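Open the model in your viewer and keep the selection tool at hand. This tour moves from stop to stop, saying what to select and what is there.

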Amino acid sequence: SKHHGETITTKSVKEEERSLAAMKRWFLLFSLVFLLTLSTVGADDDDDDDDDDDVMLLGLDGEGTGEVALWLMVATLTIVVWKPLFKWLRANGPELFNKEARPFKKSLGVFNRRYMRAHNWIGFAAAAVGTAHGYVLEWHWTLWVAMGALWFLVVSGYLMQQKWPPKEFRR
């Protein structure tokens with residue numbers, strides 16, 4: 001038997017969960033934009049062009065490799081927007097675009113797999129260029145710890161893409 005206070009409908013609970021999830025996504029998006037804005041504003045302030053003996057790597061100096069690494073990192077962080085959008089499109093896309101659910105979800109899944117492959121390669125490129133940037137600028141050891149964490153993310157993303165370890169070992 002149910003108590004009088006337990007008559008919350010399933011629909012209102014689901015609506016509340018969706019609302020909370022939407023608020024979390026917007027908060028993450030605004031936080032990311034805020035952090036990216038702060039880092040680019042601060043990076044433009046000190047431009048040291050008085051060093052003529054800068055080490056070059058593939059025609060780029062240390063600051064150039066840092067800028068390339070920054071934009072590769074921004075490109076790989078688009079996953080913050082894509083994953084919630086992907087889930088929303090799987091749930092609402094067929095109705096929104098007036099398509100049949102099965103073919104729509106199949107084509108969306110194909111796009112997602114291609115996106116994830118590109119995400120992994122761009123993340124690898126960001127880590128590689130960032131490592132070169134750190135080498136050219138002779139980073140302090142604390143920055144190398146952060147770069148090690150980035151390489152950990154790259155390797156773990158690759159292993160997830162390869163579905164490693166096999167199911168037999170995951171038990």
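Is W151 buried, exposed or partly exposed? Select W151 and show its surface. W151 is partly exposed, because its relative accessible area is 26%, and partly exposed lies between under 20% for buried and over 50% for exposed. Keep that residue in mind; the tour returns to it. Note also that the model is predicted.

**The whole chain**

Zoom out and switch to a cartoon view. The chain has 6 helices and 0 strands. Starting at the N terminus, its elements read α-α-α-α-α-α. There are 171 residues, and buried ones make up 19% of them.

Now show the surface of the whole chain. About 13,800 Å² is exposed, with 63% of that supplied by carbon and sulfur atoms. Contacts can be sorted by separation along the chain. Among those with a separation of 6 or more, 59% join residues 24 or more positions apart.

**The largest pocket**

Select T76, H119, G123, L150 and V154. Of the 38 residues that line the largest pocket, these lie nearest its centre. Two or more lining residues come from each of α1 (10–43), α2 (62–76), α3 (79–96), α4 (101–137) and α5 (141–161). Colour those helices if you like. The pocket holds about 1,200 Å³ of space.

Which helix gives the largest share of the lining? Select α5: it supplies 12 residues. Then colour the lining by class. You should find 23 nonpolar, 11 polar and 4 charged residues.

**A run of aromatic rings**

Hide the surface and show the aromatic side chains. The structure holds 7 aromatic pairs. One of them joins W121 and F124, whose ring centres are 6.2 Å apart, with 80 degrees between the planes; the pair is edge-to-face. Both residues sit in helix α4, 3 residues apart, or about one turn of the helix.

How open are these two residues? W121 counts as exposed because its relative accessibility is 59%, and the cut-off for exposed is over 50%. F124 has 38% relative accessibility, so it counts as partly exposed.

Stay on F124 and add W151 to the selection. The ring centres of F124 and W151 are 5.6 Å apart and the planes stand at 80 degrees, so this pair is edge-to-face. Here the pair links distant parts of the chain: F124 belongs to helix α4 and W151 to helix α5, 27 residues apart. F124 thus takes part in both pairs, one with W121 and one with W151.

Next, select W82, F86, F111 and Y115. Together they form one aromatic cluster.

**A buried asparagine**

Select N120 in helix α4. Is N120 buried or exposed? With a relative accessible area of 18%, N120 is buried, because the limit for buried is under 20%. Now look for its partners. Setting aside neighbours within four places in sequence, N120 is in contact with G157 and Q161.

**Far in sequence, 7.6 Å in space**

Select E63, which lies in helix α2. Its relative accessibility is 40%, so E63 counts as partly exposed. Add H133 and draw a distance between the two C-alpha atoms. You should read 7.6 Å, although E63 and H133 are 70 residues apart along the chain.

**Loops and backbone**

Move to the loop between α4 and α5 and select E138. Its phi is positive, about 55 degrees, although E138 is not a glycine. E138 counts as exposed because its relative accessibility is 68%.

Go on to the loop between α5 and α6, where K163 is placed. What is the sign of phi at K163, positive or negative? Phi is positive there, near 55 degrees, and K163 is a residue other than glycine. At 64% relative accessibility, K163 counts as exposed.

Last stop: select W164 and P165. The peptide bond from W164 to P165 is cis, and its omega is near 0 degrees. P165 is found in the loop between α5 and α6 (167–170).

Key
Residues are numbered from 1 along each chain as its sequence is written. Side-chain values use heavy atoms; hydrogens and water are left out. On a 1 Å grid over the protein atoms alone, a cavity is a set of points where a 1.4 Å probe fits but cannot get out, and a pocket is an open set with protein on both sides within 12 Å along at least five of seven lines; lining residues have an atom within 4 Å of a point. Grid points are joined across faces, edges and corners, and a volume is the space filled by probe spheres set on the points. Helices (H or I, at least four residues) and strands (E, at least two) are DSSP runs, numbered from the N terminus. Ala, Val, Leu, Ile, Met, Phe, Trp, Tyr, Cys and Pro count as nonpolar, Asp, Glu, Lys and Arg as charged, and the others, Gly among them, as polar. Buried means under 20% relative accessible area, exposed over 50%, partly exposed in between (1.4 Å probe, protein chains only). Contact means heavy atoms within 4.5 Å. Accessible areas come from the Shrake-Rupley method with a 1.4 Å probe; for residues, only the protein chains shown count as cover. Rings of Phe, Tyr and Trp (its six-membered ring) pair if their centres lie within 6.5 Å; planes under 30 degrees apart count as stacked, over 60 as edge-to-face and the rest as tilted.
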